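Student: Please take me through one part of this model closely. I would like to look at the pockets and what lines them.

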Amino acid sequence: MNKTAYVKQLIKTRQRQRRNTFAATLLIAGVGLIAAYKPAQAATGILNASYDVTRELFKDINPAFVADWKKKTGESISVNQSHGGSSKQARSVIDGLEASVVTMNQANDIDILADKGLLPQDWAKQFPNNSAPFYSTMVFLTRKGNPRQIANWEDLGKPGLKVIIPNPKTSGNGRYSYLAAWCSVIKNGGTEAQARQLVENLFKNVPVLDGGGRGATTTFTQREIGDVLVTFENEVQLVRQEFGDNFEVVYPKISILAESPVAVVGKVADKLGTRKVATAYLHFLYTEAGQDLIAKHYLRPRSEVAAKKYAASFRPVNLFTVDDVFGGWKQAQKKHFDDGGEFDRIYIKK
């Protein structure tokens, strides 16, 4: 091959190599773009941020829902739990805890999430019964034989008594106990000043201010501190199951309706792709299977079928609501539990 022909052949070869390299580059780039724009797969699990005396309930609810979801969709999912004082849990979600759902013990702790834009302001309309699939009330747990003869809210203010109640600043349990004591005076025709005095006397009798309801239960049952524990009806029943006849349950003449509201944390669920599962999870709480499990754990169900089936577990109680006396949770929170509110002034005196 002469020199001219060789040069022409070399040029053609290099041109072909450049075309092949360019095509390969386009192919690689195309694959990269496809990968980059591939829709993110939804998470296979959800996190439920709940208050701390629902641990046993959701240990039963979660596997039942997982099995139900598998049966209906063929998908395997998981449900994880986070527990703590109700208000602490709300703060954790605000601070970044990626809970797709919250199951709290008072509406105010979900309103706070709505105020931060994590879910809609009308969240209570998303599910039946103001998005509260079950409710409870506040009762007393005393030592065996009720040696201090505690019968009603006014007894908790008697000098020398030791009362175990969690911190109303961090716990829905504590707030319900505080408001129930306050309202017991108002509902019996007393004045605001008399209600304040009872609550002040009560908190003078609180030797340990735990952060949540389960911590208060531990203080009373295992650390053996206190003459009486004020807590949710379901919690005292679980204590009696575990510890037998060492304790007695006392129902006051009047108590507070303690609803347990639930909500999908929309901002988190949409980010993780879990909205569908999260919504189904909360709907499951309203099914007969869910309501049956709820009643088995001594939480008062909404279902008439479950309520009738477990009627022997729930004593009739004269209940009032936060709306009755305070006009709603937002007003109660502002007056009593915000910084500088009634509770702060009462506790500073102590």
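Tutor: A term comes before the pockets. Helices here are DSSP runs of H or I with at least four residues, and they are numbered from the N terminus. Keep in mind that this is a predicted model.

Start with the second largest pocket. Its volume is about 250 Å³. The lining consists of 15 residues. Nearest the centre of this pocket lie S87, R91, I112, K169 and Q333. Three helices each supply at least two lining residues: α3 (86-94), α4 (108-115) and α15. The largest share comes from α3, with four residues. By class, the lining of the second largest pocket splits into six charged, five nonpolar and four polar residues.

Now turn to the largest pocket. It holds about 430 Å³ of space. Its lining has 16 residues. A107, E259, D323, G328 and W329 are the ones nearest its centre. Two elements give two or more residues to this lining, α14 (322-326) and α15 (329-337). The class count is eight nonpolar, four polar and four charged residues.

Put the two linings side by side. Helix α15 is among the elements giving two or more residues to the largest pocket, and α15 also supplies at least two to the second largest. Four charged residues line the largest pocket, and six line the second largest.

Two helix pairs round out the picture. Two packed helices are described by the angle between their axes and the distance between the axes.

Take α2 (residues 55-73) and α12 (residues 288-296). Their axes come within 9 Å and cross at roughly 160°. Angles over 145 degrees count as roughly antiparallel, so α2 and α12 are roughly antiparallel to each other. Their crossing is right-handed. From α2, the contact uses L57, D60, I61 and A64; from α12, it uses G290, L293 and I294. Five of these contact residues are nonpolar, one is polar and one is charged.

The other pair is α8 (residues 213-221) with α9 (residues 233-243). Their axes lie 12 Å apart, at an angle of about 40°. That angle makes α8 oblique to α9. This crossing is right-handed too. On the α8 side, G213, R214, T217 and T221 meet E235, V239 and F243 of α9. The α8 and α9 contact has three polar, two nonpolar and two charged residues.

Terms used
Residues numbered from 1 in each chain as written. Predicted model: local features only at pLDDT ≥ 70, side-chain atom pairs only at ≥ 80, totals over all residues. Heavy atoms only, no water. Axes fitted to C-alpha atoms, helices over the stretch in contact; angles between N-to-C directions. Parallel < 35°, antiparallel > 145°, perpendicular 65-115°, else oblique. Left-handed = near helix turned anticlockwise from the far one by under 90°. Contact = heavy atoms within 4.5 Å. Nonpolar A, V, L, I, M, F, W, Y, C, P; charged D, E, K, R; others polar. 1 Å grid on protein atoms, 1.4 Å probe; cavity = no way out; pocket = protein on both sides within 12 Å on 5 of 7 lines; lining within 4 Å. Points joined across faces, edges and corners; volume = space filled by probe spheres on them.
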